[in-house]
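Biologist: Before we start, could you take me through this model one region at a time, giving the reasoning behind each answer?

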Amino acid sequence: MTATFLTAQDANWNLERAAFNILVDQQPAAIAVPQNADEVSDVVRSAAADGKRVAAQSTGHNAEPLGSLANTVLLRTARLSSVEIDADAAKARVGSGALWGDVIPRASEFGLAALHGSAPNVGIAGYTLGGGLSFYVRKHGLACNRVTAMELVTAGGEQVRVDAKNEPDLFWAVRGGGGSFGVVTALEFDLLRLPEIFAGALLFPAEQAREVLQGWREWTAWMPEEMTSVGRLMNFPPVPELPDALRGKSFAVLEVIYCGDPADGPELVAPLRELGNVGLDTIQAQPPAGIAELHMDPPAPVPYTTESLLTHELPASAIDSLVEAVGPGSGSQLVSVELRHGGGASSRAPQDAGALATLPGSFIAVGVGFVPVPEAMAPTRAWLGAFKAALEPYDAGRYFNFVEESFDITKIFPPDVLSRLREVKQRYDPDNIFHSNHPVTA
Ligand SMILES: Cc1cc2nc3c(=O)[nH]c(=O)nc-3n(C[C@H](O)[C@H](O)[C@H](O)COP(=O)(O)OP(=O)(O)OC[C@H]3O[C@@H](n4cnc5c(N)ncnc54)[C@H](O)[C@@H]3O)c2cc1C
């Protein structure tokens, strides 16, 4: 089947080359929007014959690290968006253009949940290829390790199904090693049987940030693995899209997601409700679909810049430093500074895990600032620098999916994993046809 290629003269050019971060200006050599795996094969073969590389992309949520696309065909997967849920077997099969928002509500109707991330508009493929940090991570580990099979198009244009028996090295590499090894056309993964969770957010006045985050940090130490939570500082921008209660206001925010018996939830969460003057409390028993927007990620592309790091256990002094650096009174306008509680199952390699078996550290720290005008970049980078400096003494590494700049992957993968990823790259893509966000090179 022959795929069609868009050039800069086509009407859809600007729409198809858009990244989630509006500041990233993707200018590929051409764009292809294949409708099926045969067309993906055709794109890969045609690009290779023409001396071009191929960058597979679903939503462009991690587009910045790609750098120049001048000699690259951007392969957008949006039309490969099928979703099938086998409720009896608790399994999903999705096309590689499917988003988490296409799966979460449908699975939830069957009493099932997926190891999705915080934003429903993130692509399942990119998220899973890079690991997949969900709100169930402490109990169920990384999403890539619940994948049972992927279908992909190799550098030679062949369509292969990879699983524990077929092409096991390639199957290992695509579970956390990123998009360097082929164009994924479909993924299959296990779902959780989870009809109800106990989850939601507490919003406190920003002035209480220190006590709230300190209390939350102490509380995390005795939480069971069924509890994943987030402590954050938020400065909502003064934009009309936001409700009055949030627009232009600042808060200390706690988010909790408990996937144990919902009846135990109120007692576990009670100490958090005592930490300050709760302005808004949305914590309740609900089906898993209820948390799709809990984290309040932007529903549409925005201009932003970000920093992230994994941290070891945080002492009280780390929270003090963080609040001093970017909390109330610091002048920080970062829209969000968050600490996600990790550890638990994500610290233990499951049997037969993929390339990203575990995440180092106990917390995952992310800072994000909006850059609506170019002059906002310098102060925003300065606040992000202060955020990072406060936590750097506890640095435990980086998480593939949260790094949004060109980055040295030796800081993401341990040497033995990287060396095996390079062997797989050499075997399946020796000419480096695939242009991916955090590339593995042979
Ligand atoms: C607002 C926001 C919230 C987020 N929340 C979370 C979260 O909770 N947990 C988490 O783990 N991450 C999260 N992320 C990070 C997210 O997982 C990464 O940005 C991920 O790369 C997004 O995947 P994508 O397919 O949407 O992005 P894309 O930019 O389209 O893809 C990223 C990379 O994935 C690879 N890729 C994508 N599709 C294919 C394919 N079909 N074949 C081969 N390679 C492919 C490519 O290498 C590509 O460069 C978040 C990001 C943002 C911006």
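Biologist: How much space lies in the second largest pocket?
Modeller: This is a predicted model, and the pocket is described from it. The lining of the second largest pocket has 15 residues, with L15, A18, S58, T59 and R76 lying nearest its centre. The space in the second largest pocket comes to about 260 Å³.

Biologist: How do the residues that line the second largest pocket divide by class?
Modeller: Among the residues nearest the centre of this pocket are L15, S58 and R76, and under the scheme used here Leu counts as nonpolar, Arg as charged and Ser as polar. Over the lining of the second largest pocket, the division is nine nonpolar, four polar and two charged.

Biologist: Turning to enclosed space, what is the volume of the largest cavity?
Modeller: The search of the whole structure finds three cavities of 30 Å³ or more. The largest cavity is lined by W100, L115, T128, A143, R146, V147, F189 and D190, a lining with five nonpolar, one polar and two charged residues. Its volume is about 50 Å³.

Biologist: Is strand 8 largely enclosed or largely open?
Modeller: Strand 8 covers residues 147-153, and five of its seven residues are buried. Since buried means under 20% relative accessible area, that count is what places strand 8 in the category of largely enclosed by the rest of the structure.

Biologist: Which residue of strand 10 stands opposite A149?
Modeller: Strand 8 and strand 10, the latter covering residues 183-190, pair in the antiparallel sense over six bridges. Within that pairing, the residue of strand 10 that stands opposite A149 is E188.

Biologist: In the hairpin of strand 8 and strand 9, which residue takes a positive phi?
Modeller: Strand 9, residues 159-163, runs antiparallel to strand 8 and is joined to it by five bridges, with V153 standing opposite Q159. The hairpin has five residues between the strands, and the residue with a positive phi, near 85°, is G157.

Biologist: Why is C144 in no bond with C259?
Modeller: The search of the whole structure finds zero disulfides. A disulfide needs two cysteine sulfur atoms within 2.5 Å. The cysteine sulfur closest to that of C144 is in C259, and it is too far for a bond because the separation is 18 Å.

Biologist: Is C259 buried or exposed?
Modeller: The other cysteine of that pair, C144, has a relative accessible area of 0% and is buried. For C259 the relative accessible area is 10%. Because the cut-off for burial is under 20%, C259 too is classed as buried.

Biologist: How is L99 classed by its relative accessibility?
Modeller: L99 is found in the loop between strand 6 (91-95) and helix 3 (100-109). Not counting residues up to four places away in sequence, L99 touches T59, P120, N121, V122, G123 and I124. Its relative accessibility is 24%, and because the class between 20% and 50% is partly exposed, L99 counts as partly exposed.

Biologist: Which residues are in contact with Q208, leaving aside its neighbours within four places in sequence?
Modeller: Q208 has its place in the loop between strand 12 (197-205) and helix 7 (209-220), and with a relative accessible area of 16% this loop residue is buried. Once the neighbours within four places in sequence are left aside, the residues in contact with Q208 are G276 and N277.

How values were computed. Residues numbered from 1 in each chain as written. Predicted model: local features only at pLDDT ≥ 70, side-chain atom pairs only at ≥ 80, totals over all residues. Heavy atoms only, no water. 1 Å grid on protein atoms, 1.4 Å probe; cavity = no way out; pocket = protein on both sides within 12 Å on 5 of 7 lines; lining within 4 Å. Points joined across faces, edges and corners; volume = space filled by probe spheres on them. Helix = DSSP H or I, 4+ residues; strand = E, 2+ residues; numbered from the N terminus. Buried < 20%, exposed > 50% of the residue type's maximum accessible area, 1.4 Å probe, protein only. Contact = heavy atoms within 4.5 Å. Pairing = 2+ DSSP bridges.
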